[in-house]
Amino acid sequence: MLATLMYGAGDVRVEDVPDSVVEAPTDALVRVTASCICGSDLHPYHSMPADSGPARMGHEFIGIVEEVGDDVATLRSGDLVVAPFAYSDGTCRFCREGLHTSCEHGGFWDGLPKEGGQAELVRVPLADGTLVKLPVAADSALMPSLLTLSDVYGTGWHAAVSGGVAPGKSVTVIGDGAVGLLAVLSAKQLGAEQVVLMGRHPSRTDLGREFGATDVVAERGEEGIARVRELTGGHGTHVVLEAVGHRPAYDQAYGVVRPGGTISRVGVPQYDDAPVGFDSLFGGNITLTGGPAPTRAYVEQLLPAVLDGTVEPGKVFDRTIDLVDVPEGYRAMDERRALKVLVTP
Ligand SMILES: [Zn+2]
């Protein structure tokens, strides 16, 4: 089968590898019908040392169940399923609390060296807990939107829910990538009154306005902070959703949060140290929250509005490529020629 391997920074290849197979009785083998490239795939694309790979890539996919292990009870071959970006049993104490990314028996696709979503086949561990059956055909026009349930929509939603977005709240979203834009959509769905989107790519911020942003701030750093304060009577916003992961975005976040407010981070932090003292978080009674989104927890909740067309999170995909062209997909996203690339095997 064909699969995507990253050999080091800037070096992505699609190669023939041994077919994935069912190994454990709780596994399902899924033939991928749609996958995609994530903004977080660009972090190793910039920094992965040449001698640490190759690593299998891809953690967002939809596919058809081809085979199941003996203990899989809820799925059968032929089912169309969406896979969250982490696998989980759905039964442990953390899964029951809705924190599937901390599943006692689960993990991330990165931890399975022979599997990845940017491939033709994937072995899915703990299939009953991980996969969600989709009530449509694999060629449905809803596929791009359904695929966002794997990661980017669920991650934007997690940011908003963790940040306490609710009717009447004001929100700043930092970052105009797919997660930032879907954090805007999520904030709007949760009833936010004002949604300020900080981003500087007009084609993306236009989609952000379509998703519900009331204001767009293209400036960054001190200038951007001043602009958000101007738009909020000098106070900043109740909630800040940080969907970038770099340190300047964190600095922007505490610059624009209102006293008593919450900063919710879902951009994977590319830093370990950042201010928490009087002038950043403490002085204003600021809450800091966020983390890897348990997107599995949100699929059933977000699915109906996707199925009936109330929301179209799939609009974040602006390019579709074949699996063999994945290296060009990485280049296009890295060079900001594409917002998010959908991959069909
Ligand atoms: Zn669990």
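How many bridges pair strand β1 (residues 2-8) with β2, and in which sense? The two strands pair over 6 bridges in the antiparallel sense, where pairing requires that DSSP finds at least two bridges between the strands. Helices (H or I, at least four residues) and strands (E, at least two) are DSSP runs, numbered from the N terminus.

A word on the model: it is predicted, so local features need pLDDT of at least 70 and side-chain atom pairs count only at pLDDT 80 or more, while totals for chains, interfaces and linings use all residues. Residues are numbered from 1 along each chain as its sequence is written.

Strands β1 and β2 belong to an open sheet of 3 strands with antiparallel pairing, in the order β2-β1-β4. Its edge strands, each pairing on one side only, are listed here.

| Edge strand | Residues |
|---|---|
| β2 | 11-16 |
| β4 | 55-56 |

Within the β1–β2 pair, Thr4 has Val14 of β2 as its bridge partner. Helix α12 (residues 326-334) lies across β1 and β2, at about 160° to β2; axes are lines fitted to C-alpha atoms, for helices over the stretch in contact, with angles from 0 to 180 degrees between N-to-C directions.

Now for the domains, whose bounds come from an automatic or database domain assignment. Domain 1 covers 2-151 + 294-344, and domain 2 covers 155-290. Contacts (C-beta atoms, placed from the backbone, within 7 Å) link 16 residues of domain 1 with 15 residues of domain 2. On the domain 1 side, helix α11 (residues 295-307) gives the largest share, 3 residues.

Technical notes. Two residues are in contact if their C-beta atoms, placed from the backbone, lie within 7 Å.
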